[in-house]
4 protein chains.
Amino acid sequence: MLRGLSHAGLGKIGSDENLIAAASQYGFHTVDINAKGLIERNGLEGAKALLAKHEVAIGSIGLSVEWRDSEEKFREGLSKLAEEAAAAAALGCTRCCTYVLPATNFKAAHFTVLATRRLRTCAQILGAYGISLGLEFVGPHHLRTAWANPFLWTLEETLDWIAAIGEPNVGLLFDAYHWYTNGSTIADIEALTPDQIVHVHINDAPDLPVEEVRDNGRLYPGEGVIDLAGFLRALNAIGYKGSVTQEILTAEPPAQSPEELLARSKAGFDRVYTAAGLA
Amino acid sequence: MLRGLSHAGLGKIGSDENLIAAASQYGFHTVDINAKGLIERNGLEGAKALLAKHEVAIGSIGLSVEWRDSEEKFREGLSKLAEEAAAAAALGCTRCCTYVLPATNFKAAHFTVLATRRLRTCAQILGAYGISLGLEFVGPHHLRTAWANPFLWTLEETLDWIAAIGEPNVGLLFDAYHWYTNGSTIADIEALTPDQIVHVHINDAPDLPVEEVRDNGRLYPGEGVIDLAGFLRALNAIGYKGSVTQEILTAEPPAQSPEELLARSKAGFDRVYTAAGLA
Amino acid sequence: MLRGLSHAGLGKIGSDENLIAAASQYGFHTVDINAKGLIERNGLEGAKALLAKHEVAIGSIGLSVEWRDSEEKFREGLSKLAEEAAAAAALGCTRCCTYVLPATNFKAAHFTVLATRRLRTCAQILGAYGISLGLEFVGPHHLRTAWANPFLWTLEETLDWIAAIGEPNVGLLFDAYHWYTNGSTIADIEALTPDQIVHVHINDAPDLPVEEVRDNGRLYPGEGVIDLAGFLRALNAIGYKGSVTQEILTAEPPAQSPEELLARSKAGFDRVYTAAGLA
Amino acid sequence: MLRGLSHAGLGKIGSDENLIAAASQYGFHTVDINAKGLIERNGLEGAKALLAKHEVAIGSIGLSVEWRDSEEKFREGLSKLAEEAAAAAALGCTRCCTYVLPATNFKAAHFTVLATRRLRTCAQILGAYGISLGLEFVGPHHLRTAWANPFLWTLEETLDWIAAIGEPNVGLLFDAYHWYTNGSTIADIEALTPDQIVHVHINDAPDLPVEEVRDNGRLYPGEGVIDLAGFLRALNAIGYKGSVTQEILTAEPPAQSPEELLARSKAGFDRVYTAAGLA
């Protein structure tokens, strides 16, 4: 499984170009960046050359379409999606991800219906470019009541939603933090097939009662209490071969320099990959 | 638009065979019955002959699949659906309908996801036999709180759901009572296209505040306060050519004989069709 | 049914703006133009005002995506489609059409598979903007052998293809010339429902054996041998309410001035609409 | 990867019950049988007990629906499919397969359209029971001209068809004989993901020019010239974990007894699994 970096957790790392160089320097294989932006600034050949030079691939782009709000906003975003997908495909990226908040101010059933149709359309457009769509269920308990009505947050609910969306190229963004805060198990991972997983996030949780763990209270891999060795072992055992990308959301910006944070990230990956027998 | 009868509102009318004969006698064109049962009792040729002799067609069959409960029950029903669809198709019936309760004891978002997937599968099987699936939204206000969590009940929500289901052969069962209790307008009908309407129910409502109208407090067409002339005129104007089928749900069984109820039904249809300029 | 004009048959009519003004002047209700171009030249509000001032709507835009060639070309076109659909939707246009040549140099089965998937993707993107996709089967016999392998050209085949594409917003572009050269009948039209027809083309054919009629040998409505009165009557009878748009393809550019051609077109429409009892 | 047996190649092995017992005795893990028949003869609990006792699972059932002929026959088969799928699911089987002849007497494009829609419907019904549909492309050259018009036979064409069918649960039945006769390579396997492969057939080919290899001229694994070690290694490398099931089609029934054929089959599997480093 590939080691991946995102901007989240690296402080003032700066541009996507910086992230690419840093990832390479610290032994990571993929970065989660904006493919279209990279091409706009460097040209297609320049962007390809930059990735090739650093031997880094794009793990996933983010879904920029706003599917949680008005139909008008949804349509506005949609007309950009094909271009973003074309850019990602041109750089060899095959994944695009979005997160799913566990509650909504809209009426839940109606919101579900609208979101199902909108994400299907996104998946259809992405699919035309060979790109899969990953849906990230979100586990921290405090978010379940942060908006008026409960939405979907468990693994099972999200798999059911993926079946309702009904496109072959939709799967999970499987995040260790949400797996942990949902109280899921190693057996839950072992029951998955690799094609159900589009992308993986890794991070760690503080030693608190699981109900009190905050979404922006994340730690670096190996610094907390999540069984990341078991998490990685199970993903590897079912045949997942994609990226495992660090995403550290914190209440305050990290105090360390990007270099220190990169070294800390690398050390965290080394620790948990070694513990999983994958180093 | 064809005049249709269902069992609901005709008291002890008895078998589907009785309903067919009665419909014919009182000038109705279609009946909502169990096509498979008719064939089982009369043979395919016998069932065809019976309908032909009385010059009556089948308006719609009911969806027997239980899509609101466990996956196990859903699958059990599914294996019968193809046979029921085959029977309906063999008798020239092209519609199958189910109703949608406006609340659920399941978590709303998860229930929506499951129901979307299950009704899509039903529509796909029906579609293989040239049959459309009509979804009946249910308007009476008291039902919105009869179960723990609100589901879908408005015209707009139901159309959005149909889009989320995403099959070409899914549309509305458009019931005058639910249109009225939702506070919908003639303009709402005029904004529809005929292919969005799979089937129509007709009935009337007592002169009560709309919030107090009960689902099982229905009157015969022309005996209440719903603008059925406008309802029919609008359906005709948009090009709807299917059945308009009486469905009278009451708290107590009707006191009159089937003959009296048939005569009353015919008189009701005459009145509102005439008022709509369609007689 | 609305009277519509396209550029085809009006000689050097010039810009879409000219076509809009001319359509209005000669009593037509719709024009087939490039919605995105109109907005680029006039701004969204300017384009809306122009159409409103002339009381003309857009009948259909053309599908610019190249779905008949390489995957690369297909994808290139796709990234523009959402913008074109957004432009059309912003101007109230709900239809987009493409034609289907009756033969192909690709292996027929493989081409069918690719075209099915590509047109589905186009329909899905268009559907997100409330736009239907019309497929125009092409009847003239000489085209059936103009490429190496036979493809689809009959009404039945095209309806079967639409079912295989499987999206709710795909239907026919029904062209009188192709209906005629296929030897189809009034009964074939009467067997359709209006939602199966996205758009209609009208034109006439010379008095030749039908096998010899050339695709670019078209006459103005009422100047040839096609039973256009029956064609229009049947479309109206089934409830079609969209545009009937003139499309005259000729081997040589017409010798008359645009004004003469517009007058001739109007006279043709008057003749056949009157003959159909629709004037 | 599981070792699987089918009836094909075992002579007068007799009933599915016999095949189950024989598979167990000779170290095979799965059998391709008729799940519904097994339940009809043994009851659900009896069928489960029989499989459990022999520690044998069902690899795949065959698709009994006739999707290559008239719509009438297709619909007849369809009404049985849900029951067959329910039976398979009840016994833990998650795969159903059908073969694709490389030519057809129907017009190729129209046949493609019909077959696409019909197989999609089959996949949708199977999907409701958690079952995948595997399509077996057929490589022997003589069959490409055995009917009037060429259809689909390459790996690439079949993958494109699967995309056109568009359901998440459709993939390949990947047969070593068809891979070989198509002239495909190890790299072609390595380019697949395991979710693209529903089922695998294994068998061997005589030392003839590949154009002359007959569909019913198959040899037991390891007795011919196919690089089955490379075939198995590549399937294992991409993460395929399903059955590899023997299917030996021959012009004449095998002369050996079932016991000899079972021993020969086991020896063949031992040889090629060992050569692949998988024993």
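Biologist: What order do the strands of the open sheet in chain C come in?
Modeller: This is a predicted model, and in it nine strands of chain C form an open sheet in the order 3-2-1-11-10-9-7-5-4. The pairing is parallel.

Biologist: Which strands stand at the edges there?
Modeller: Strand 3 (57-58) and strand 4 (61-62) of chain C. Each has a single partner strand, so one side of each is left without a neighbour in the sheet.

Biologist: And how many bridges join strand 2 to strand 3 in chain C?
Modeller: Two bridges, with strand 2 (residues 30-31) and strand 3 of chain C running parallel. If you want a spot to click on, C:T30 stands opposite C:A57 in strand 3.

Biologist: Let me look at chain D too. What is the strand order in its open sheet?
Modeller: For chain D it reads 3-2-1-11-10-9-7-5-4, with nine strands and parallel pairing. Strand 3 (57-58) and strand 4 (61-62) of chain D are at the edges, and because each has a single partner strand, one side of each has no neighbour in the sheet.

Biologist: What joins strand 1 to strand 2 in chain D?
Modeller: Two bridges link strand 1 (residues 2-5) of chain D with strand 2 (residues 30-31) of chain D, and the two run parallel. In that pairing, D:G4 is the residue opposite D:T30 of strand 2.

Biologist: Changing topic to the interfaces. How many residues of chain B are in contact with chain A?
Modeller: There are 22 residues of chain B in contact with 22 residues of chain A. The area buried between chain B and chain A is about 1,600 Å², and carbon and sulfur atoms give 63% of that.

Biologist: Which three residues of chain B supply more of that area than any other three?
Modeller: B:K107, B:H110 and B:V113, which supply 32% of the area that chain B buries against chain A.

Biologist: How many salt bridges does the rule find between chain B and chain A?
Modeller: Two salt bridges are found across that interface. One of them pairs A:K107 with B:E157, with the closest N and O atoms 2.7 Å apart. There are also eight residue pairs in polar contact between chain B and chain A.

Biologist: Which elements give two or more residues to the side of chain B that touches chain A?
Modeller: Those are helix 4 (108-127) and helix 5 (155-165) of chain B. Helix 4 gives the most, with nine residues. By type, the residues on that side of chain B divide into twelve nonpolar, four polar and six charged.

Biologist: Nice. What turn lays chain B on chain A?
Modeller: A turn of 180 degrees with a shift of 0.0 Å along the axis, and the RMSD is 0.0 Å. In chain B, the C-alpha nearest the axis belongs to B:A109, 2.6 Å away from it. Both copies use the same surface, as 100% of the contact residues of chain B recur in chain A.

Biologist: Now chain B against chain C. How many residues are in contact?
Modeller: Eight residues of chain B are in contact with eight of chain C. The two chains bury about 470 Å² between them, with 62% of it on carbon and sulfur atoms.

Biologist: Which residues of chain B lose the most area to chain C?
Modeller: B:P168, B:D195 and B:K241, together accounting for 60% of what that side buries. The count of salt bridges between chain B and chain C is zero. Residue pairs in polar contact, with both at pLDDT 80 or more, also number zero. The side of chain B that touches chain C divides into four nonpolar, one polar and three charged residues.

Biologist: How are chain B and chain C related?
Modeller: Chain B can be laid on chain C by a turn of 180 degrees and a shift of 0.0 Å along the axis, with an RMSD of 0.0 Å. The two copies are thus related as by a two-fold rotation axis. B:P168 is the residue of chain B that comes closest to that axis, at 2.0 Å by its C-alpha. The copies meet through the same surface, because 100% of the interface residues of chain B are also interface residues in chain C.

Biologist: Last one: how many salt bridges does the structure hold over all chains?
Modeller: It holds 60 over all chains. Among them is A:K36 with A:E40, at 3.6 Å from N to O. Both residues lie in helix 2 (residues 35-54) of chain A, four residues apart, about one turn of the helix.

Methods
Residues numbered from 1 in each chain as written. Chains lettered and ligands numbered in written order. Predicted model: local features only at pLDDT ≥ 70, side-chain atom pairs only at ≥ 80, totals over all residues. Heavy atoms only, no water. Least-squares fit on C-alpha atoms with pLDDT ≥ 70 in both. Contact = heavy atoms within 4.5 Å. Buried area = accessible area lost by both parts, 1.4 Å probe. Salt bridge = Lys/Arg side-chain N within 4 Å of Asp/Glu carboxyl O. Polar contact = N/O pair within 3.5 Å; in protein donor to acceptor, adjacent residues only side chain to side chain. Nonpolar A, V, L, I, M, F, W, Y, C, P; charged D, E, K, R; others polar. Pairing = 2+ DSSP bridges.
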